[in-house]
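Subject: Handover of a protein structure

Dear colleague,

Please find below the structure that I am handing over to you. I would be grateful if you could keep it open while you read the notes that follow it.

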Amino acid sequence: MVRRSFCVRASLLFLAFTLLVSACFGDDHPIVGVEPVVSGEVVATVAAPARVDAAARQDVGAAVSGVVVALEAADGDTVAGGQTIVRLESTQVELAQRQAAAAQAAAAEVGGITIEGGSHATVNAAQQVVDDLDASSRPMIDDARERLKEIEDPQQRAAAEAAVAAVESTYLNTRAALLASAHALAEQQAAVTSSLSAALNQAVEQATAGQRAQAQAAAAAATQQAEGLSVAAAFDGIISLGDAAPTDGGAGALADQMARSGAASLDIQGLSGVLPGLAGAEGGGTLRVGAPVTAGQTLFTVYDLSQRYVNAEVDEIDAPQITAGQRAEVFIDAFPEEVFEGVVESVAVEAVSTETGGIGYPVRVRLVGVAGDAASTPEDDAEALLDEPLVGQTASVEIVTDVVASNLIVASRALLRRDGGTIIYALRDGRAAPVEVQVGTIGEDGAAVSGDLEVGEQVIVTGYEDLENGTEVRTR
C-alpha cells in the first residue's frame, strides 16, 4: 500500500515538472486556426427545408353518392386530360331525374284555358232563320214567275214582272242582312271570349312561373348530377386511386357480388340506412368496382410529372430576400451524391406555420438540371435523373440571394462583434492583431469586407475567444 502511494506522488511531481518546462519554453501560447484573405465573389444564400412536388396535382372527388361500376384506368396509369377514369351509378340520381321529369310535366299541364263564347251558336241560329225564309219565300217567288208566263198583254206582264222582282229583291236583301248581322255578332263574341281566355291564361302563367322555374332548376340539377356519374381527369398525368368508403366488409362483399351478377346499379349508400351491418368504421381499401362512394369522397388524384418541383418553407426573416428567378441548389435526401439545380418560380404572399412551430413562407422551386461535369454526365442521363425524385421526398434548398465581387474576402467565422463594431484578428509577426472592418455581403463561407487587410494575409478563424491585442499565438 505504501509503495502504491509513492508511485502516485512521483507521477504528480513528473506532471508538474512537465508543465513548468512547457511554460518556460513558451508552449502555453494559444493555438489558433487561420485562413488567408482572398479576392473573388461572395455568394449569399438562404437555406430552407423542402419536399419534392409535382408540377400540378388535383384531387378529383365524387359529385354524388353511388357505386363504382367501372374503372377505366389502374393505379399509376398515365392518363389524358378529359379521359373518363371512374363510372358510377346512383339511385339518388335516378330518383332526381324522375322527380324533375314529373315536375316539368305537371308544370306544362297548367294553363291552356279556352272560353266558349257562343259565336258558333249565333251563326247557326241566323242560318236557321235564313233557311226558314228561303223555304217560305223562294217557292212563292218561283211560282209567281211561272204565272207571269200566262199573261198575254205585254204591258200587264211587264208590270207584274217588276212587282215580282221587287219582292225578290226585298227577300234577298233581308236574307243577306240576316247573315251579315249574325257573322258580325259572332265575331264580336269570339273577340270577347278570346280576350277573356288570354287574360285568364296570363294570370295562370304568372301564378305558376315559380313552379315552372323550380321544375327547370330540378331538371338542370338532375342533369348535372347525371354528368357527375362519369368522372374524368382534369389534365394529362399519372393517377393514384383513392380509398373505398369505410365499411365493415359486408358492404364491400355485397357490392362485389352485385358487380359480378350485373346488379351494380344498386346504391349501397342508400341501403346502408335501412339494412343492418353495412355501415362500419374500417377502411375499404383501394377504390374498386362495386365499392360504394359518398359525395365529396376523393376518387383519385392526378399528378402532372412533366416537371419536378420542390416546395420549401423559408423562415420569415429570410423571406424578404427571396424573389422569382433566383437560382437555387437542391439537395434531395434520396440522392446524396447529386446536387440538383433549380429556379425560384414563386413566393407565397401569406405565411404558414412550419413543422417546428415557427413561421415560414412557401417557396416553389423548379428543378432545371443536375450540377456536375457535363463531360461525365450526358444530357440524356441528367434529364432522366430529373424524373427520378418521387413526390413527397424530403429535401433542402440553398437559394442564391446575392453575388458580389470583392477584393477582400475573409472566412465568415473570422468576424467578431466588439464594442458595437466588427473586428478580425489578423496574424502579424506571430501575434493576434485586431483589425476593424466594415462588412458587406455575407455568404455561407465567406464575407466581403473593407479595412486594413491585404490579399494573402492570414486571419484567425478559430481559437480567438480569449485573445487580446498582441497575444502571441501558435497555428495548427
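**Overall picture**

Among the contacts in the protein with a separation of 6 or more, 80% are between residues 24 or more positions apart. Please bear in mind throughout that this is a predicted model. The protein has 476 residues, of which 32% count as buried. Its secondary structure consists of 8 helices and 20 strands. The exposed area of the protein comes to about 27300 Å², and 53% of this is supplied by carbon and sulfur atoms.

**Strand 9 and its partners**

I suggest that you begin with strand 9, which covers residues 298-315. Strand 9 runs antiparallel to strand 2 (residues 38-61), and 11 bridges join the two. Within this pairing, Asp53 has Tyr309 of strand 9 as its bridge partner.

Strand 13 (residues 359-370) is also antiparallel to strand 9, with 7 bridges between them. Here Tyr309 appears again, standing opposite Arg366 in strand 13. A further antiparallel pairing links strand 9 to strand 7 (residues 237-241) through 4 bridges. In that pairing, Ile239 stands opposite Val302 of strand 9.

Which charged end sits over the ring of Tyr309? It is that of Arg364, placed 4.0 Å from the centre of the ring.

**An aromatic pair**

The structure holds 1 aromatic pair. The rings of Phe335 and Phe340 form this pair, with their centres 5.8 Å apart and their planes at 80°, so the arrangement is edge-to-face. The cut-off behind this term is an angle of over 60 degrees between the planes. Both Phe335 and Phe340 are buried. For your general reading, two values describe a pair of aromatic rings: the distance of the centres and the angle of the planes.

**The loops around strands 14 to 17**

Let us now turn to some loops later in the chain. Ser412 is found in the loop between strand 14 (394-411) and strand 15. Is Ser412 buried or exposed? Its relative accessibility is 16%, and because buried means under 20%, Ser412 counts as buried.

Leaving aside residues up to four places away in sequence, Ser412 touches Ile442, Gly443, Glu444, Asp445, Gly446 and Ala447. With one of these, Gly446, there is a polar contact: a polar atom of the Ser412 side chain lies 3.1 Å from the backbone nitrogen of Gly446.

The next loop, between strand 15 (416-418) and strand 16 (421-428), contains Asp419. Asp419 is not a glycine, yet it has a positive phi of about 50°. The relative accessibility of Asp419 is 87%, so this residue counts as exposed.

Asp429 lies in the loop between strand 16 and strand 17 (431-442). Asp429 likewise has a positive phi, of about 55°, although it is not a glycine. At 79% relative accessibility, Asp429 also counts as exposed.

**Where to look**

When you open the model, you may wish to find Tyr309 and the charged end of Arg364 over its ring. You could then move to the edge-to-face pair of Phe335 and Phe340, and afterwards to Ser412 with its contact to the backbone nitrogen of Gly446. Finally, please look at Asp419 and Asp429, each with its positive phi.

With kind regards

Notes. Residues numbered from 1 in each chain as written. Predicted model: local features only at pLDDT ≥ 70, side-chain atom pairs only at ≥ 80, totals over all residues. Heavy atoms only, no water. Buried < 20%, exposed > 50% of the residue type's maximum accessible area, 1.4 Å probe, protein only. Contact = heavy atoms within 4.5 Å. Areas by Shrake-Rupley, 256 points an atom, 1.4 Å probe, with all protein chains shown as cover. Polar contact = N/O pair within 3.5 Å; in protein donor to acceptor, adjacent residues only side chain to side chain. Phe/Tyr/Trp six-rings, centres within 6.5 Å; stacked < 30°, edge-to-face > 60°. Lys NZ or Arg CZ within 6 Å of the ring centre and 35° of its normal. Pairing = 2+ DSSP bridges.
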